[in-house]
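Student: I am new to this structure and would like a close look at a single part of it. Please take me through the pockets and what lines them.

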Amino acid sequence: MRVLLGFVFLWAFLDKAFGLGFATPRARARVHGGSPTSGFLAGVDGTFANASHSMAGQAWVDWAFMSGMFLVGTALLLGIALRPAAAGATMLMGSLWLASLPLENNPVVDELILYAATAIALAACGAGHTWGLGRQWSAIVGGVGLRWLA
C-alpha cells in the first residue's frame with residue numbers, strides 16, 4: 001500500500017512537471033512554463049471557489065504543490081520520514097478536498113480523504129520498516145535528536 005500510494009503522488013508530480021500526456025498535456029507541463037495548479041483551481045465552482053480561483057497559478061502555490069507531491073511520493077516509496085509525509089499528504093489532499101466541496105458522488109468521503117487516511121495509517125504502523133528504508137532512517141534521525149522525522 002505504501003509503495004502504491006507513493007507512486008500515486010510521484011506520478012502526479014512527474015506528469016505535471018513533464019507533461020507526460022495523461023492528466024497534463026506536454027504544452028502545459030511545468031518545464032514548459034505551465035502552472036500545475038491553474039487547471040484544477042481555476043475550474044472549481046464549489047463552496048471555496050473564490051479562494052481557489054485567487055490562488056490558481058500563483059508561483060508559491062505551484063511551488064508548494066509540486067514540492068509536496070514530490071516529497072510525499074518519494075518518502076512513501078522509500079519508506080522514510082513517514083510522519084512528515086503523512087502530514088504533507090493530509091495537507092495536500094485536505095486542501096484539494098476543500099476546494100472540491102461540495103463533492104459530486106459522496107457528501108463527505110472521496111479518494112482525497114482515502115489517500116490522506118492511508119498515509120496516516122501507514123505512518124502510524126511504521127510501514128517503512130518493511131520493504132523500505134524506515135529502520136535505517138529512524139536510526140539516523142533518532143541519533144541526532146530528530147525523532148519526529150521518523
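Tutor: What follows describes the largest pocket, then the second largest pocket, and then two single residues.

This is a predicted model, in which local features need pLDDT of at least 70 and side-chain atom pairs count only at pLDDT 80 or more, while totals for chains, interfaces and linings use all residues. Residues are numbered from 1 along each chain as its sequence is written, and side-chain values use heavy atoms, with hydrogens and water left out.

A pocket here is an open set of points on a 1 Å grid over the protein atoms alone, where a 1.4 Å probe fits and protein lies on both sides within 12 Å along at least five of seven lines; lining residues have an atom within 4 Å of a point. A volume is the space filled by probe spheres set on the points, and grid points are joined across faces, edges and corners.

The largest pocket has a volume of about 850 Å³. Its lining is made of 35 residues, and Phe-40, Phe-65, Leu-92, Ser-95 and Leu-96 are the ones nearest its centre. At least two lining residues come from each of α1 (2-18), α2 (38-43), α3 (49-55), α4 (59-78), α5 (82-100) and α6. Helices are DSSP runs (H or I, at least four residues), numbered from the N terminus. The largest share of this lining, eight residues, is supplied by α5. By class, the lining holds 24 nonpolar, eight polar and three charged residues. Nonpolar covers Ala, Val, Leu, Ile, Met, Phe, Trp, Tyr, Cys and Pro; charged covers Asp, Glu, Lys and Arg; the others, Gly among them, are polar.

The second largest pocket contains about 270 Å³ of space. Of the 16 residues that line this pocket, Ser-100, Pro-102, Leu-103, Glu-104 and Asp-110 lie nearest its centre. Two or more of its lining residues come from each of α5 and α6. The lining divides into eight nonpolar, four polar and four charged residues.

Now the single residues. Leu-41 is in helix α2 and is buried, at 8% relative accessibility. Buried means under 20% relative accessible area, exposed over 50%, and partly exposed in between (1.4 Å probe, protein chains only). Beyond four places in sequence, Leu-41 touches Ser-52, His-53, Met-55, Ala-56, Val-61 and Ala-99, where contact means heavy atoms within 4.5 Å.

Gly-132 sits in the loop between α6 (111-124) and α7 (134-143). Gly-132 is partly exposed, at 23% relative accessible area. Leaving aside neighbours within four places in sequence, Gly-132 contacts Arg-2 and Leu-78.
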